[in-house]
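Grab a pencil and work through these exercises with the sequence and the model side by side. Try each task yourself before you read its solution.

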Amino acid sequence: WKVCKNNKEREGVPAKVLWYFPPIPRFKRMFQSIETSKNLTWHASERKRDGLIRHPADSASWKLVDEKWPDFGEKWPDFGNEPRNLRLALSSDGFNPHSTLSSKYSCWPVILVTYNLPPWLVMKRKHMMLTLLISGPKQPGNDIDIYLEPLIDDLKQLWEGVNGVYDAIKNETFTLKALLFWTINDFPAYGNLSGSIVKGYNACLICLDKTKPTRLVHGGKMAYTIHQRFLGRHHPYRKLKAAFDNRPEHAAAPVPLTGEEVLRRLEEEVPPWPYGKKNPPPAYKGAEDETRPCWKKKSIFFQLEYWKYLPVRHCLDVMHIEKNVCDSLIGTLLNIPGKTKDGLKTRLDLVELGIRCGLHPNLDGPKKKRLPLASWNLTLDEKRCMCGCFHGMKVPENYSSNISSLVSMEDLRLTGLKSHDCHALMQQLLPIAIRGVLEKPVRVAVIRLCMFFSEICSKTIDVSRLPKIQSDLVETLCELEKYMKVCKGYVRNKRFPEGCIAECYIAEEAVELLAELLLDDKTVGIPEVRNVDDVPTSGATVVSVFGLDYDQAHLCVLQNTDEFISYFTEHMECLKREFPKYKKNKKWLVDKQNQTFADWVKER
């Protein structure tokens, strides 16, 4: 039972509550709607196939499922494998339901996404299915597998098949199957769901026990710097010693393990430790300890019989990565206290490692001159130029926040950046702001990093370009080395936030189902287009025109529209027949046409 502050248990009050919303009944209801049932087979009937990645159906995982399990449903003569079988993704992360009132409370929702839907519907709120709600105040951590057990049982049942599912389009019942493709989460949640070590000496998910990090004495963190081994065998950066860590790099890049290899090593190396924070795994001693583990536990997802065969089992959320990179990059360029990665401790670590002698600090000199200027340090005028560029930017509505309001010209810093603001900055705005500052090699490296995020976030990805994108990213890293809101709105009772979320979510889903079946109205999760009329940029004002100005603007639009050219010719001939004595007076005819054309074409 729940333990109070006086260390006594309150009988009848559970210590932890799990809210579970079974997904199978909701999958059945999706096929009872004609519109949703049609969208669930979009990937097989209407998807464009031209070799580009526009949808998860174009990925290697989707094709592997079709090839490895050809009996994953009944054969259809037109679409190959059964297109109604569902491909799912799972996402989980913690959030504070009390907003800023409490910084210690962490509530964890687990959401399923259906990839059968078109790209413009996959991530809509209507189709993001809340399945688990793990109550706080503490995060589940590595014990999240205990809470996932009911969901795993339903996923096993969906893999075997659920009989008697009614399809509103075909007017028949069929056996529904579903498969979990991967999980999507940030790096700490990745470690909780996959069981991998995500910090310390074996934190690299690819290199594992071949990570070879460096412990920074003054910074107190791990540095992962040997990016050169991911370059080509004969790349010139492999031989550069002074520009990196004074050592050439001859090792080959580690090969990622397959799911079957990971499962085999988990069964051999990871003992079955009991769950709970009172039973932590044994500690290990630094880099010299060869027994240090690569995994904390065997993930519960390996109970799914197909999980070990999937080429990609866990995905990192690019939103978190992009925001962290953007904050660190802008903080370092503008030398923002607390956010810059180039401080006194960093320079002392360079002394400890014996590299970059030109950047070693001068502790005996004046305070402002202790750190020698590096190629990425901006002068005061360059900071004003960069911040002034951001301050003068005007962007369309809904593109991002008002960037100019986030810039402080007095402190020369950017504050209050949200995730979407960092997304816009990294991909489009930052390359514009730095084009007049920084040395060319550093500027090119930063712009190439921005281009990488832009390419992987584009709506279409050319598969043939992926190796080039990866090699360019590794080169960019070497050059740089060288140089939850909706759920919060549900909370009404601060004492029971999870109960409020569960109650509001069920009510919204019920109202949405009734509205779709009975009222044929717009649903809650798919909002209408907010702005029907054209809206100018944030720095402009809207002016309404009437009378003569309106008529002139209307005529100008008609005159510059190709579809109305023939109507202008026809109207001119009508005027010549109606007023024969003016047929040679071109000025009179043009004026008359300008006055009467709009009404004439409306009747025409």
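## Exercise 1: Cysteines

A search through the whole structure, which is a predicted model, turns up zero disulfides.

**Task.** Find the cysteine sulfur nearest to that of Cys 422, and work out why the two don't count as a disulfide.

**Solution.** Start at Cys 422: its nearest cysteine sulfur belongs to Cys 326, 3.9 Å away. Next, bring in the cut-off: a disulfide needs the two sulfur atoms within 2.5 Å, so a pair at 3.9 Å doesn't make it. Now check the surroundings of Cys 422: its relative accessibility is 0%, so it counts as buried, the limit being under 20%. Cys 107 is buried too, at 0% relative accessibility.

## Exercise 2: A helix with a bend

**Task.** Where is the kink in helix 12 centred, and what covers the buried residues of this helix?

**Solution.** First, trace helix 12 through residues 419-433; the kink is centred on Met 426 and comes to about 55°. Then pick out the buried residues: Met 426 is one of them, and the others include Cys 422, Leu 425, Leu 429 and Pro 431. Finally, look at what lies over them. The cover includes helix 9 (318-333), helix 11 (380-391), strand 15 (413-414) and helix 13 (440-456).

## Exercise 3: A strand and its partners

**Task.** Which residues point each way from strand 6, and which strands pair with strand 6?

**Solution.** Begin with a general idea: side chains in a regular strand alternate between the two faces of the sheet. Now apply that idea. Trp 108, Val 110, Leu 112 and Thr 114 point one way from strand 6, while Pro 109, Ile 111 and Val 113 point the other way. Seven of the seven residues in this strand (108-114) are buried, so the rest of the structure largely encloses it.

On to the partners. Strand 5 (residues 86-92) pairs with strand 6 in the antiparallel sense, over five bridges, and Ser 92 sits opposite Val 110. Strand 7 (residues 128-134) also pairs antiparallel with strand 6, this time over six bridges. There, Pro 109 has Leu 133 as its bridge partner.

## Exercise 4: A hairpin

**Task.** How many bridges join strand 8 to strand 9, and which residue of their hairpin takes a positive phi?

**Solution.** Line up strand 8 (residues 162-167) with strand 9 (residues 172-176): they run antiparallel and four bridges join them. One bridge to spot is the one between Val 162 and Leu 176. Then go to the turn, where four residues lie between the strands and Asn 171 has a positive phi near 55°.

## Exercise 5: Rings

**Task.** Decide how the rings of Phe 187 and Tyr 190 are arranged: stacked, tilted or edge-to-face?

**Solution.** Two values describe an aromatic pair: the distance between the centres and the angle of the planes. The structure has 15 aromatic pairs in total. For Phe 187 and Tyr 190, the centres are 6.2 Å apart and the planes differ by 25°. Stacked means under 30 degrees, so this pair is stacked.

Now place the pair. Both residues belong to helix 7 (residues 187-194), where they are three residues apart, about one turn of the helix. Phe 187 is partly exposed at 33% relative accessible area, whereas Tyr 190 is buried at 11%. Elsewhere, ring pairs link Trp 62, Tyr 115, Phe 181 and Trp 182 into a cluster.

## Exercise 6: A charge over a ring

**Task.** Which ring does Arg 87 lie over, and is Arg 87 buried or exposed?

**Solution.** Find Arg 87 in strand 5. It lies over the face of Trp 62, at 4.5 Å from the ring centre. Its relative accessibility is 2%, so it counts as buried. For another case, see Lys 68, which lies over the face of Tyr 309 at 4.4 Å from the ring centre.

## Exercise 7: Neighbours of a glutamine

**Task.** Which residues is Gln 593 in contact with, leaving aside its neighbours within four places in sequence?

**Solution.** Locate Gln 593 in helix 19 (residues 586-603). Its relative accessible area is 7%, so it is buried. Its contacts are Phe 568, His 571, Met 572 and Leu 575.

How values were computed
Residues are numbered from 1 along each chain as its sequence is written. This is a predicted model: local features need pLDDT of at least 70, side-chain atom pairs count only at pLDDT 80 or more; totals for chains, interfaces and linings use all residues. Side-chain values use heavy atoms; hydrogens and water are left out. Buried means under 20% relative accessible area, exposed over 50%, partly exposed in between (1.4 Å probe, protein chains only). Helices (H or I, at least four residues) and strands (E, at least two) are DSSP runs, numbered from the N terminus. Two strands pair if DSSP finds at least two bridges between them. Rings of Phe, Tyr and Trp (its six-membered ring) pair if their centres lie within 6.5 Å; planes under 30 degrees apart count as stacked, over 60 as edge-to-face and the rest as tilted. A charge sits over a ring if NZ of Lys or CZ of Arg is within 6 Å of the ring centre and within 35 degrees of the ring normal. The bend at a residue is the angle between axes fitted to the seven residues ending there and the seven starting there. Contact means heavy atoms within 4.5 Å.
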